Amino acid sequence: RRIRITGTVWLGTMIVATLLSLYAYYTGFHWQALVLQQAASDSSGIPNPDDIDAVIPAEDTTGLWLWRIRGIAILSDPNDFAQILVAVFPFIWTFAGQRAWASTGTALHEIGRVVQTIMNRFKGSRFLVYAAPAASILLFGIYMTHSRGALLGLASLTFFIFLNRLGTTRTAVLLVVGGLAAAALNMGGGREMSLSESSADDRISAWRLALDLLKGRPILGVG
């Protein structure tokens with residue numbers, strides 16, 4: 001029960017954070033803090049972002065900038081923000097599977113029991129009411145971060161979710177279809193996914209170091 005409550009709190013917090021960042025993107029509300037203004041290419045002649053008075057990022061049609069939603073503080077990097085969204089994604093099913101709305105005997109519990117009785121009459125209603133809206137918000141939030149690392153995280157998550165249900169072959173086909181859909185939707189923001197890129201090389205080096213540390217101290221770690 002404590003794990004479910006903790007997961008639900010994390011999930012709810014990130015949904016609120018995602019909605020706030022999306023609100024900033026579409027309205028300009030504190031966009032400097034909640035939206036990253038990044039050059040869309042490496043070509044010279046692009047103005048400094050600090051010199052651009054972009055009130056509403058969603059209305060930018062110049063093509064010079066890649067707008068990526070983000071959080072604040074330790075989540076001010078869109079990649080970190082996207083990774084957290086991927087990490088809380090499995091809690092959607094934990095939340096959707098909860099049966100205890102509130103403590104027994106309270107008004108909220110009784111309301112929840114009535115709603116649950118109605119929902120049980122319709123197949124799949126629990127998923128539609130709980131999981132589908134939350135999943136849609138998180139997926140759109142991940143898309144708006146344009147994080148390529150988050151795409152890899154989603155691919156891994158999808159693989160393990162559907163592996164037992166669909167088998168290896170069908171799951172692999174699903175991943176290929178998902179990859180093509182991600183490319184068609186330009187989820188990377190027009191940036192290529194290449195191992196020769198400097199940021200990719202840094203990530204691979206970090207992964208290699210992490211694996212070496214795990215092999216060296218698998219139980220206690222190095223923290």
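In this predicted model, helices α1 and α3 pack with their axes 10 Å apart and at an angle of about 140°. An angle over 145° would count as roughly antiparallel, and this one falls in the remaining range, so the two helices are classed as oblique to each other. The crossing of α1 and α3 is left-handed.

It helps to place this pair in the overall fold. The chain contains eight helices and two strands, and from the N terminus on its elements follow the order α-α-β-β-α-α-α-α-α-α. Of the 223 residues of the chain, 31% count as buried.

Helix α1 makes a good starting point for a closer look. It covers residues 2-27, and at 1.5 Å a residue its 26 residues should span 38 Å; the C-alpha atoms at its ends are 37 Å apart, which agrees with that expectation. The buried residues of α1 are Gly7, Leu11, Met14, Ile15, Thr18, Ser21, Leu22, Ala24 and Tyr25. A simple rule is useful when reading such a list: an α-helix has 3.6 residues a turn, so residues three or four places apart point the same way. Among the buried positions, Leu11, Met14, Ile15 and Thr18 can be read with this spacing in mind. Just after the helix comes Gly28, with a positive phi near 85°.

One of these α1 residues also stands out in the interior of the protein. The largest nonpolar core has 30 residues, and Leu11, Ile92 and Leu138 are those with the most contacts inside it. Helices α1, α2 (31-34), α3 (78-88), α4 (91-96), α6 (125-145) and α7 (148-184), together with strand β2 (65-69), each supply at least two residues of this core.

Aromatic contacts give another view of how α1 meets the rest of the chain. A search of the whole structure finds five aromatic pairs. One of them joins Trp10 and Phe91, whose ring centres are 5.8 Å apart and whose planes stand at 80°, so the pair is edge-to-face. Trp10 belongs to helix α1 and Phe91 to helix α4, so this pair ties together parts that are 81 residues apart in sequence. The two partners differ in exposure: Trp10 counts as partly exposed because its relative accessibility is 48%, whereas Phe91, with a relative accessible area of 18%, is buried.

The strands bring in a further long-range approach. Ala40 sits in the loop between β1 (35-39) and β2, and its relative accessible area of 34% makes it partly exposed. The C-alpha atoms of Ala40 and Leu66 are separated by 4.9 Å, although these residues are 26 residues apart along the chain.

Finally, two histidines in loops deserve a friendly word about their backbone. Most residues other than glycine have a negative phi. His30, however, has a positive phi near 50°, and His146 has a positive phi near 55°. His30 lies in the loop between α1 and α2, while His146 lies in the loop between α6 and α7. Their surroundings are unlike: His30 is exposed, with a relative accessible area of 51%, but His146 is buried, with a relative accessible area of 8%.

Note on methods: Residues are numbered from 1 along each chain as its sequence is written. This is a predicted model: local features need pLDDT of at least 70, side-chain atom pairs count only at pLDDT 80 or more; totals for chains, interfaces and linings use all residues. Side-chain values use heavy atoms; hydrogens and water are left out. Helices (H or I, at least four residues) and strands (E, at least two) are DSSP runs, numbered from the N terminus. The expected span of a helix is 1.5 Å times one less than its number of residues. Buried means under 20% relative accessible area, exposed over 50%, partly exposed in between (1.4 Å probe, protein chains only). A nonpolar core is a set of buried Ala, Val, Leu, Ile, Met, Phe, Trp, Tyr and Cys residues joined through side-chain atoms within 4.5 Å. Rings of Phe, Tyr and Trp (its six-membered ring) pair if their centres lie within 6.5 Å; planes under 30 degrees apart count as stacked, over 60 as edge-to-face and the rest as tilted. Axes are lines fitted to C-alpha atoms, for helices over the stretch in contact, and angles run from 0 to 180 degrees between N-to-C directions. Angles under 35 degrees count as roughly parallel, over 145 as roughly antiparallel, 65 to 115 as roughly perpendicular and the rest as oblique. A crossing is left-handed if the near helix is turned anticlockwise from the far one by less than a right angle, and right-handed if clockwise.
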